[in-house]
Structures are given as structure tokens and as C-alpha cells.
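Work through the exercises below with the sequence and the 3D view at hand. Each task is followed by a solution in steps.

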Amino acid sequence: MVDWRRIALGAYRGATTGPTVTYGTIAICCAIFLVSPVSGMNPGYGTGETLLAAQSAYFERWGVIPAELMSPASASATTATTATTPFTALFVHGNWLHLLGNVLFLYVFGAMAEGRMGQFEFTLFYLGTGYLALLAYAAVNADSGQTLVGASGAISGVLGAFLFLFPRARVTSLFPFLFFLPLRFPAWMVLIFWFVLQWLAATGAGTGGAGVAYLAHLVGFGVGFLYAWGRFRQRARVKVPAAATEGESQP
């Protein structure tokens, strides 16, 4: 006789002990993108110039505009609404490539970081790191009217925490200059290489007007690493000799 109660209890425990925040965040980001005017899959937003206008209004409503965030008194939106945009922007993406890159990075590195921190702490960490990363970018580019969206700052924080918590975990990575061959490297090597690329891009991009907010990546990464260092430095780091991830992509 099948014990359905035991099966249901096992499924419930698996769902509640797994990386539900990581997978839930991925699902939310994908769902929001699909119903938004950016995906092009919602016929309710029309086509052509009508669609472009809807996309522009969508980004302005939910994204971070540094000039408005730093000077809310001069913004058309209320101060409270403007202050929440660094949260809402974490779930908005500019195009399919932007979404898929962020989702892949979160999928690869988020589960283990969540498992180490716990669901509640990881949720606060993710939102807090993302908020600070976007706030820092807005502060440096306080006169910019360019809208900033995406979860890259928060995910960069996850990468920073992962570097401290699992430096020896081996990840499978694809590097363009190596003809996209899937090669396995220690996490510390991959993530430091990624950080250097972001630093070089940030110093070359200047302030404002850049297509990618590299500064937000750097701030998120630094905040994430420092948080993990402060929170877990008294404990032994987890040593993971086996492959911990399944791939890599630029956030």
C-alpha cells in the first residue's frame, strides 16, 4: 500500500529545505519579464511605436533613475515610490539576453549560497545587496536620467559571498577567448577573473551613459564578500572538491 502521507511529507520537506528562494526569484523574474512589454510576447502592448512607448514607460516606472533617486523632491513620482525603485528594478530586465544571463548566474551560484545562509537570511542578503549596489551607482551618477534595471547588483553580491564561502568549489565555465570550451576551474579563479573584467570595464566606461552598470556589479560583489566575511569568518569555510555549478555567463 502506498503511503501518500509519507510521500507528501517528503515532498514538502524537500521543497522547504531546498534553494526555494533562488528558484523562486528566478521564476518571478521570468514571469515578470514574460508579461512585460519588453518580452514582446504580450499582445496587449501593441506593436511598433506603441510598444516602444510602453517599454519606455515600464522602465521609468519600475527602474532606477539616478537623478530622481538622489533628488526625489524634483521627481515627478512621490518620494516613497522613488525610494522603492532599487527593489523593483531587481526584478526588471532590459531584454532576453539580460534576463538569461542573470538567471544563469543566480541558478549556478545562488543555491549553495542560500544553503549556507538559510532562506530568510539569503532573502534579506539578496535584496539588501541589490539595493545598495543600485544606490551606489545612482549616487555616483546623480545627474543621470538613464534608467537602470536588472538583478546584476544583487547577483554580484551572491558571487562575492560565494567566493568567500566556497573558494575551492570547481565551476564549469565558458570563456570566449578559449573558443567557448567548457572548462572547470576553482571558483576563486573564475570569480576573481570576473571581478577584474568588471573593474576594467568600469574604469573604461566612465560615469553615466554606459550600457552596463559595471559599478553596481563591483559594489554588489564587494558588499557580498564583506558580508560573508563578517558573518562567517569565525566558522570553517566549506571545502567543496566536486563541481558545484553547471555553467557561467556574464551577468
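**Exercise 1. Classify Leu200 and place it in the chain.**

Step 1. The model is a predicted one. Leu200 has a relative accessible area of 51%.

Step 2. Exposed means over 50%, so Leu200 is exposed.

Step 3. Leu200 belongs to helix H9.

Step 4. For a distance check, take Tyr214: the C-alpha atoms of Leu200 and Tyr214 lie 9.1 Å apart, with a separation of 14 residues in sequence.

**Exercise 2. Which residues make the nonpolar surface patch of about 540 Å², and how does Val196 classify by accessibility?**

Step 1. The patch is formed by Ile192, Phe193, Val196, Leu197, Trp199 and Leu200.

Step 2. Val196 sits in helix H9, which covers residues 187-205.

Step 3. The relative accessibility of Val196 is 40%. The partly exposed class lies between the 20% and 50% limits, so Val196 is partly exposed.

**Exercise 3. Find the salt bridge and state whether each partner is buried, partly exposed or exposed.**

Step 1. Side chains of opposite charge can pair when their charged atoms come close. The structure contains 1 salt bridge.

Step 2. The partners are Glu121 and Arg231, with 2.9 Å between their closest N and O atoms. The cut-off for a salt bridge is 4 Å.

Step 3. Glu121 is in helix H7 and Arg231 in helix H10 (residues 214-232); the pair is 110 residues apart and links distant parts of the chain.

Step 4. Glu121 has 14% relative accessibility and therefore counts as buried, the limit being under 20%.

Step 5. Arg231, with a relative accessible area of 34%, is partly exposed.

**Exercise 4. Describe the packing of H7 against H8.**

Step 1. Two packed helices are described by the angle between their axes and the distance between the axes.

Step 2. Helix H7 spans residues 119-140 and helix H8 residues 152-165; their axes come within 7 Å and cross at roughly 120 degrees.

Step 3. This angle makes H7 oblique to H8, because the roughly perpendicular range is 65 to 115 degrees and roughly antiparallel needs over 145.

Step 4. The H7 and H8 crossing is right-handed.

**Exercise 5. Summarise the whole chain: how many helices and strands are there, and what percentage of residues count as buried?**

Step 1. The protein chain has 10 helices and 2 strands.

Step 2. Read from the N terminus, the order of elements is α-α-α-α-α-α-α-α-β-β-α-α.

Step 3. Buried residues account for 40% of the 251 in the protein chain.

How values were computed
Residues are numbered from 1 along each chain as its sequence is written. This is a predicted model: local features need pLDDT of at least 70, side-chain atom pairs count only at pLDDT 80 or more; totals for chains, interfaces and linings use all residues. Side-chain values use heavy atoms; hydrogens and water are left out. Patches are made of residues with over 30% relative accessible area and no salt bridge: like charges are joined within 9 Å, nonpolar side chains (Val, Leu, Ile, Met, Phe, Trp, Tyr) within 5 Å. Accessible areas come from the Shrake-Rupley method with a 1.4 Å probe; for residues, only the protein chains shown count as cover. A salt bridge is a side-chain nitrogen of Lys or Arg within 4 Å of a carboxyl oxygen of Asp or Glu. Helices (H or I, at least four residues) and strands (E, at least two) are DSSP runs, numbered from the N terminus. Buried means under 20% relative accessible area, exposed over 50%, partly exposed in between (1.4 Å probe, protein chains only). Axes are lines fitted to C-alpha atoms, for helices over the stretch in contact, and angles run from 0 to 180 degrees between N-to-C directions. Angles under 35 degrees count as roughly parallel, over 145 as roughly antiparallel, 65 to 115 as roughly perpendicular and the rest as oblique. A crossing is left-handed if the near helix is turned anticlockwise from the far one by less than a right angle, and right-handed if clockwise.
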